[in-house]
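Please work through the exercises below with the model open beside you, and try each task before reading its solution.

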Amino acid sequence: MSTSRRRFLQTAGALAPAVLRATDKAGTKAPVLGSGKHTYEAIHDWGELPSGIKYGNTHGVVQDSQGHIYIHHTVHAASESPDSMVVFDQKGKFVKSWGKEFKGGAHGLHIQKEGSTEYLYLCDTKRALVVKATLDGEEVFSIGYPEQSDAYLPGPDGKKMKYSPTNLAVAPNGDFYVGDGYGSSYINQYNKKGEYIRTFGGKGSAAGKVDCPHGIAIDMRGKTPTLMVADRANNRIQRFTLEGQHIEFIGGVAQPCHFHYFKNGDMVVPDLGARVTVMDKNNQVIEHLGDDSASKYRETRTMSRDRFTPGKFICPHGACFDRDGNIFVVEWVEVGRVTKLRRV
């Protein structure tokens with residue numbers, strides 16, 4: 001574990017903001033999705049992105065206690081700035097950017113309050129790192145290859161198993177769980193100091209096995225905290241104890257990427273299969289928002305922004321509720337897309 005404290009804050013305040021449209025591509029009123037208490041106005045391309053920053057694949061989104069929204073993206077090849085983290089206020093005004101080290105590898109993003117201080121936990125698929133940082137991008141620690149785990153011992157040929165962490169979750173006691181979604185499909189558990197505890201999961205479809213544990217979150221809605229895993233390639237959610245024991249499978253999702261919870265118990269699941277799923281506190285589907293799963297969305301994701309259909313999602317990759325119950329969605333599309341689902 002590296003404990004170096006590097007500074008990777010870079011602001012782009014000198015860059016003039018280019019306001020992205022808050023309505024659909026025809027300039028008409030933003031489309032409305034959902035129904036009843038779960039009705040939202042879809043504001044695509046939310047936020048005043050500076051002209052010197054061009055999104056790559058937008059992979060993660062969180063909100064801090066001040067209402068600021070953090071967008072983690074891979075950085076487009078045409079971007080003047082190499083910064084992978086863009087921060088907006090709750091009205092969409094640009095605040096700052098940083099994180100050039102994550103260019104090309106920016107992926108999972110989690111925010112955690114520890115005492116009176118908030119920290120970001122970031123996953124870098126390119127450098128195969130998990131990084132804990134301050135809200136300004138100062139590194140607290142980083143963790144690389146899980147050498148301590150027997151599951152990752154070199155094979156007979158001496159080669160190491162691929163490791164590429166996609167997301168993580170932090171338990172109430174500070175333990176954190178890292179999903180090796182793009183590597184071995186194992187889940188690795190560490191204590192709050194970053195010391196290794198255990199490995200569980202591994203590739204498969206049986207109970208306790210996962211195939212691309214792409215997203216992972218602590219579910220605090222019940223009497224006992226549990227671990228929710230977006231078992232993406234198996235098209236399901238799998239719930240575990242905090243010790244790594246299988247509890248149950250949850251359906252109703254299509255290539256789930258991650259989770260976030262609202263104070264009323266609702267859960268939002270960005271489904272890579274072209275929709276955003278909202279579930280209730282009992283993990284029953286309430287709405288599939290912006291469903292375009294019948295389309296050729298994997299082709300659309302490589303196209304220019306004017307080819308995106310208003311009110312339809314392409315490849316949702318990250319999502320979070322804000323404190324007012326609005327939902328922010330970021331998508332795995334080559335030019336990036338941030339959508340605010342404003343609660344109506």
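**Exercise 1.** Determine how many disulfides a search of the whole structure finds, and follow up with Cys 212 and Cys 320.

*Solution.* In this predicted model, the search of the whole structure finds zero disulfides. For Cys 212, the nearest cysteine sulfur is that of Cys 257, which lies 7.8 Å away; a disulfide requires the two sulfur atoms to be within 2.5 Å, so Cys 212 is in no disulfide. For Cys 320, the nearest cysteine sulfur is again that of Cys 257, here at 15 Å, and Cys 320 is likewise in no disulfide.

**Exercise 2.** Decide whether Cys 212 and Cys 320 are buried or exposed.

*Solution.* The cut-off for buried is a relative accessible area under 20%. Cys 212 has a relative accessibility of 8% and therefore counts as buried. Cys 320, with 2% relative accessibility, counts as buried because that value also falls under the cut-off. For the protein as a whole, 58% of the 344 residues count as buried.

**Exercise 3.** Work out whether the radius of gyration agrees with that of a compact globule, and describe the fold and its extent.

*Solution.* A compact globule of 344 residues would have a radius of gyration near 20 Å, and because the protein has 19 Å, the two agree. Along its principal axes, the C-alpha trace spans about 60 × 45 × 45 Å. The secondary structure consists of one helix and 27 strands. Of the contacts with a separation of 6 or more, 49% are made by residues 24 or more positions apart.

Terms used: Residues are numbered from 1 along each chain as its sequence is written. This is a predicted model: local features need pLDDT of at least 70, side-chain atom pairs count only at pLDDT 80 or more; totals for chains, interfaces and linings use all residues. Side-chain values use heavy atoms; hydrogens and water are left out. Helices (H or I, at least four residues) and strands (E, at least two) are DSSP runs, numbered from the N terminus. The radius of gyration is taken over C-alpha atoms; the globule rule is 2.2 Å times the number of residues to the power 0.38. Buried means under 20% relative accessible area, exposed over 50%, partly exposed in between (1.4 Å probe, protein chains only). Contact means heavy atoms within 4.5 Å.
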